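Q: I am new to this structure and would like to learn how to read its features. Could we go through them together, step by step?

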Number of protein chains: 2
Amino acid sequence: MVHYKLIYFNVRALAEASRQIFHLAGVPFEDVRIQRNDPTWETDIKKSTPFGKMPVLSVDGFDIPQSAAIARYLSRKFGFAGKTPEEEAWVDAIVDQFKDFFEDLRKFIIANRLGKPAEEIEKIRNEIVNPSRDNYLRIITGILQKSKSGFLVGDNVTFADLVIADSLVTLEKNGFFKKEDYPIAANHQLKIHNLPKLKEWIETRPDTQL
Amino acid sequence: MVHYKLIYFNVRALAEASRQIFHLAGVPFEDVRIQRNDPTWETDIKKSTPFGKMPVLSVDGFDIPQSAAIARYLSRKFGFAGKTPEEEAWVDAIVDQFKDFFEDLRKFIIANRLGKPAEEIEKIRNEIVNPSRDNYLRIITGILQKSKSGFLVGDNVTFADLVIADSLVTLEKNGFFKKEDYPIAANHQLKIHNLPKLKEWIETRPDTQL
């Protein structure tokens with residue numbers, strides 16, 4: 001049997017969709033979580049990764065870096081990447097749109113991590129993340145309004161659904177999202193996170209802020 | 001015959017790899033270039049795009065947004081996406097690594113576009129782009145040093161080769177890259193840009209700073 005090992009920090013962020021793909025597919029994997037203050041991250045682990053970053057997926061020892069590349073690789077293996085070339089392209093586009101938004105959200109995350117003054121953090125929240133979130137959720141809502149299946153692309157769950165639904169968890173936990181303000185996105189999240197295999201995982205997984 | 005239309009600003013940046021895929025494949029496409037000062041961009045075109053951004057690929061009227069999603073879609077159609085799932089994942093990862101670097105380079109591009117003071121632009125150059133470029137080219141050089149074919153992934157040209165080789169054009173034109181400082185990356189660029197169908201395109205295409 002193929003041995004899958006997914007290595008990341010102990011957060012959802014850029015690896016959670018891939019973890020969820022394993023759970024949806026019912027495929028066992030090693031869910032390695034490096035604590036952010038683990039000194040071996042800087043001294044050892046970082047250097048052992050292909051690009052000096054995590055997540056990394058190890059497939060029988062063959063390492064794949066970059067979160068979207070990992071999620072797409074697993075999704076194509078296990079059937080969550082879209083059914084046609086056009087569906088696959090839209091799944092990819094939605095995930096990259098999330099990543100564009102995440103670049104802005106990351107400014108808030110890093111300012112917090114560095115212990116920047118509250119005033120500076122609020123400025124990032126109001127001037128960078130809030131407008132970017134509005135644009136991001138407007139796009140997602142628009143896609144869902146046109147969807148007949150309730151999924152973002154086609155008639156089945158794809159890794160785009162996983163990425164978007166998880167992003168709302170992070171937005172909500174960090175004061176950027178209230179379900180009543182974005183009911184269409186919130187309903188989509190509920191639909192995805194109620195998929196039985198995901199529901200079970202979400203109820204038992206480590207609870208993290210990001 | 002399928003009608004392909006690729007819509008972007010009159011720059012290489014995030015659409016050039018897709019243009020090059022068409023040229024390599026010998027597939028005709030409409031290369032639509034919107035001037036940045038075209039007033040219809042803000043009033044009309046922007047609203048007509050799926051995510052309010054370009055590039056957009058239109059395939060018989062079906063629109064696909066996001067540069068990497070477009071390049072991957074075309075590459076899988078025309079045979080430049082990698083030969084195995086593992087090759088495909090590495091192609092994707094390299095392209096996403098470029099996109100991570102481009103987020104930093106974009107700060108320099110935007111500061112220039114907004115006419116920021118020379119001092120501020122130099123600060124971005126030295127403190128953000130130069131270290132990020134060093135990391136980016138260290139990764140690319142490392143991959144090429146291990147390559148037996150001279151291509152970034154596998155034995156054939158992929159869209160990762162196109163993205164990386166084009167990025168060096170932009171870096172060179174903007175004072176971030178000298179061939180003698182990065183001979184391995186420079187040789188790779190030469191190999192790619194000497195592919196006959198690409199060479200012909202590069203000699204005749206619009207010459208742009210980005």
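A: Happily! Let us begin with an idea: a pocket is an open set of grid points where a 1.4 Å probe fits, with protein on both sides within 12 Å along at least five of seven lines. Keep in mind that this is a predicted model.

Q: What volume does the second largest pocket have?

A: Rolling a probe the size of a water molecule over the atoms shows where empty space is left. Here the second largest pocket comes to about 640 Å³. Its lining has 24 residues, and those closest to the centre are W90(A), G142(A), I143(A), K146(A) and L152(A).

Q: Which elements give two or more residues to that lining?

A: Both chains take part: α4 (85-113) and α5 (118-146) come from chain A, while α2 (39-48) and β4 come from chain B. The largest share, five residues, belongs to α5(A). By class, the lining has nine nonpolar, six polar and nine charged residues.

Q: How much area do chain B and chain A bury between them?

A: The size of an interface is often given as the accessible area lost when the parts come together. In this model the two chains bury about 2,500 Å², with 56% of it on carbon and sulfur atoms. The contact takes 29 residues from each of chain B and chain A.

Q: How many salt bridges are there between chain B and chain A?

A: The count is ten. One of them pairs K99(B) with D96(A), whose closest N and O atoms are 3.6 Å apart. On the side of chain B that touches chain A, α4(B) supplies the largest share, 13 residues. By class, that side has 15 nonpolar, two polar and twelve charged residues.

Methods: Residues are numbered from 1 along each chain as its sequence is written. Chains are lettered from A and ligands numbered from 1 in the order in which they are written. This is a predicted model: local features need pLDDT of at least 70, side-chain atom pairs count only at pLDDT 80 or more; totals for chains, interfaces and linings use all residues. Side-chain values use heavy atoms; hydrogens and water are left out. Contact means heavy atoms within 4.5 Å. Buried area is the accessible area (1.4 Å probe) that two parts lose on being put together, summed over both. A salt bridge is a side-chain nitrogen of Lys or Arg within 4 Å of a carboxyl oxygen of Asp or Glu. Helices (H or I, at least four residues) and strands (E, at least two) are DSSP runs, numbered from the N terminus. Ala, Val, Leu, Ile, Met, Phe, Trp, Tyr, Cys and Pro count as nonpolar, Asp, Glu, Lys and Arg as charged, and the others, Gly among them, as polar. On a 1 Å grid over the protein atoms alone, a cavity is a set of points where a 1.4 Å probe fits but cannot get out, and a pocket is an open set with protein on both sides within 12 Å along at least five of seven lines; lining residues have an atom within 4 Å of a point. Grid points are joined across faces, edges and corners, and a volume is the space filled by probe spheres set on the points.
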